[in-house]
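Me: Let us go through this model together, one question at a time. Keep the answers brisk.

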Amino acid sequence: MKKSKRVIGFGMAAAMVLSMGVSVFADSAVPTIDTIKVGEDYQDLKASIKVLTNRTDIVDTVYKGYAEQFMELYPNITVEYEAITDYEESLNLRLTTGDWGDLCFIPTGVDRSELSTYFTVLGDFDTLDETYNFVQDKTYEGQVYGIANGGTASGVVYNKRIWQEAGIEELPATPDEFLEDLQKIKDNTDAVPLYTNFAAGWPMGAWDAYIGVAATGDADFMNNTICHTKNPFAKNDDMTGPYAVYYTMYEAVARGLVEEDPASSDWESSKTMMNNGEIATMVLGSWAVQQCKDVGENPDDVGYMPFPITVDGKRYAGAGGNYSFGINNQASEDNQTAAMVYLKWLIEESSIYEDEGSIPALKSGDLPDALADFEGVELLADNPAKEGEETLFNEINSESEVGINNDDYPDCEILEAALYESSTLDELMDTWNEKWSDAQESLGVEVNE
C-alpha cells in the first residue's frame, strides 16, 4: 500500500491547529468538515468561491437559490455557480490546470489513488462514516476526499399510468418478466416501452450500476468478488449476475421494444416524455425520478421500481452516491475553508435532497418517497475493497479495456450489436470474459474457479 503524502505535524504548530478545531495536516490549516459549526464558525471569513456543476437545467434557479440562502447566513462569502454541459470531458481537462474553481462534482474518471492530487481532505473515514452515507466512494488510505451529493437506489423509472393501461398488475421480478411487460406496453399503448437515451451516451453507462448488488445480492461484488472471479460475465442458470443485466438491455433492443431510432434520442426531452406518458420506462438511478416529475403536469404518474432480478427469492438494490463534492486543494486556504463551510451547509442544512428526491448525505435523513415500491427490497451499498486491493478493480477494468462504470462504449456496443444483429450477447460476453481473464493473469490476480 502506498504511504500517504500528507504528514501529521506535531509540536507547537500542531497544538495551535488543534486548538482552532482544524485539520492537523502540516500543509494545510483548512478545517475538516466534521469540526465546523454552521452559522457560528468563520463568520468573519471573506472569500468568493465558484462551484462547478453539471446541472445546466437548474443552475440559475434552484442552485442560485441555495447560494442566496447561504449568503444570508454568511454575507462575507460569495458563492457563484458555473454549469458545464460536457461535464466529464471538461472537468478531466480543467482539473489538471488547478484553475477550475473551488468546489465541484468529482469526475468519475478520477482514480481513488489520484484524489489527493486534486482534492482537499474532508476528514478521516472512521469519523465521517459515522455521519454521512457513501463516503467510502471517495476514500483513499483512510482519508475522505468527497461526500456524495445524495444517493440513489438502482432501479427503473416508469410511468405508472402507462403500465396500468397495458394491463400489468404486478411489477416484474425477473428479466424475462420485464421483457414480457415491455411487450404488453408495445401491444396495448402508444408509449415507447423502454427509452435508452443512446444518443446522450452516459445513460447507457448507467446499466453498469446494476451488475453488482442488484444482480447478485453481494455487497462485495463490485470491489472484491468480481476481481477474483473467473468469467464474471458468463450466464448464470438462475439469470442473476452481470449477464442478466446486459441480457435485459440486449433483448429489449433486439425485440424492438425501444425507441425507433436510438441515435436520435434526446435526454432533456425524454424527461417530459416520461412525465406525459410517451415513454413507459427508463433504466436510470432514482435521482432521475424527481427530474421527470418536475417537467410536466403529471408528477404522480412517475414511479420507480426495483431492477427485475431476484436472487434466491429475494430482491436487492444497490444504494450508492451520486457525484461527490470535492474541494480544490490548489485554491487558497481561505477559499478552501469557505468551500468547506458551504459544503457543510449544503448537505446538512439546505433542501437539496428533498428537492432532488435523493437519499440524503446524512445517515439520519429520511429516504425519499420515490422508493415507495421498494418495500421488501434490501438496499446495500458496495463494500470497500480489501486492504491492499483498493485499486485492483480499476487496474483490471483498465487493463482489460472492458470499461465498466467509466466508459459508455461497452454498453453502447451491446445496444449496437442488438440493433444491427452484428453479434450475439453470448459472443460479446465471451469477449469480455477473455479480456478480463487476460487482465487478471497479467496483473497476477488470484482467480477463484
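Me: In S10, which residue is the bridge partner of Val157?
Reply: The model is a predicted one. In it, S9 and S10 pair in the antiparallel sense, over two bridges. In S10, the residue bridged to Val157 is Met282.

Me: Which residue in S11 stands opposite Val156?
Reply: S9 covers residues 155-159 and pairs with S11 in the antiparallel sense, over five bridges. One of the bridges joins Tyr158 to Gly303 in S11. Opposite Val156, the S11 residue is Met305.

Me: What is the strand order in the open sheet of three strands?
Reply: Strands S10 (281-282) and S11 (302-306) stand at the edges. Each edge strand has a single partner, so one side of each is left without a neighbour in the sheet. The pairing is antiparallel, and the order is S10-S9-S11.

Me: How many of the five residues of S9 are buried?
Reply: The cut-off for buried is under 20% relative accessible area. S9 is largely enclosed by the rest of the structure, because the buried count among its five residues is five.

Me: At about what angle to S9 does helix H12 run?
Reply: H12 spans residues 267-276. The helix lies across S9, S10 and S11. Its angle to S9 is about 60°.

Me: What volume does the largest cavity have?
Reply: Rolling a probe the size of a water molecule over the atoms shows where empty space is left. Two cavities of 30 Å³ or more turn up in this structure. The space in the largest cavity is about 50 Å³.

Me: How many charged residues are in the lining of the largest cavity?
Reply: The lining is made of Leu194, Tyr195, Thr196, Asn197, Pro203, Trp207, Met282, Val283 and Leu284. Met282 is also the S10 bridge partner of Val157. By class, the lining has seven nonpolar and two polar residues, and the charged count is no residues.

Me: Which elements give two or more residues to the lining of the second largest cavity?
Reply: The volume here is about 30 Å³. Val51, Thr53, Tyr63, Tyr66, Tyr81, Phe105, Phe325, Leu346 and Ile352 form the lining. The elements that give two or more of the lining residues are strand S1 (47-53) and helix H2 (62-73).

Me: How many nonpolar residues does the lining of the second largest cavity have?
Reply: Tyr counts as nonpolar in this scheme. Tyr63, Tyr66 and Tyr81 are among the lining residues. One residue of the lining is polar and none is charged, while the nonpolar count is eight.

Me: Which residues are closest to the centre of the second largest pocket?
Reply: This pocket holds about 490 Å³ of space. Its lining has 27 residues. The closest to the centre are Tyr353, Glu354, Gly357, Pro368 and Asp369.

Me: Which elements give two or more residues to the lining of the second largest pocket?
Reply: The lining is mixed in class: twelve nonpolar, eight polar and seven charged. One strand, S11, is among the elements sought. The full set is S11 with helices H13 (287-293), H14 (333-348) and H15 (352-356).

Me: Is Met340 buried or exposed?
Reply: Met340 sits in helix H14. Beyond its neighbours within four places in sequence, Met340 is in contact with Val30, Pro31, Thr32, Ile33, Ile36, Thr120, Val121, Leu122 and Ile327. Its relative accessibility is 0%, so Met340 counts as buried.

Me: What separates the C-alpha atoms of Met340 and Pro308?
Reply: Along the chain, the two are 32 residues apart. In space, their C-alpha atoms are separated by 40 Å.

Me: Is Asn133 buried or exposed?
Reply: Asn133 lies in the loop between helix H5 (125-128) and S5. Leaving aside neighbours within four places in sequence, its contacts are Ile359, Pro360, Ala361, Leu362 and Lys363. At 17% relative accessibility, Asn133 counts as buried.

Me: How far apart in space are Tyr140 and Ser116, C-alpha to C-alpha?
Reply: Tyr140 belongs to strand S5 (residues 139-140). At 11% relative accessibility, Tyr140 counts as buried. Tyr140 and Ser116 are 24 residues apart in sequence, and their C-alpha to C-alpha distance is 8.4 Å.

Notes:
Residues numbered from 1 in each chain as written. Predicted model: local features only at pLDDT ≥ 70, side-chain atom pairs only at ≥ 80, totals over all residues. Heavy atoms only, no water. Pairing = 2+ DSSP bridges. Helix = DSSP H or I, 4+ residues; strand = E, 2+ residues; numbered from the N terminus. Contact = heavy atoms within 4.5 Å. Axes fitted to C-alpha atoms, helices over the stretch in contact; angles between N-to-C directions. 1 Å grid on protein atoms, 1.4 Å probe; cavity = no way out; pocket = protein on both sides within 12 Å on 5 of 7 lines; lining within 4 Å. Points joined across faces, edges and corners; volume = space filled by probe spheres on them. Buried < 20%, exposed > 50% of the residue type's maximum accessible area, 1.4 Å probe, protein only.
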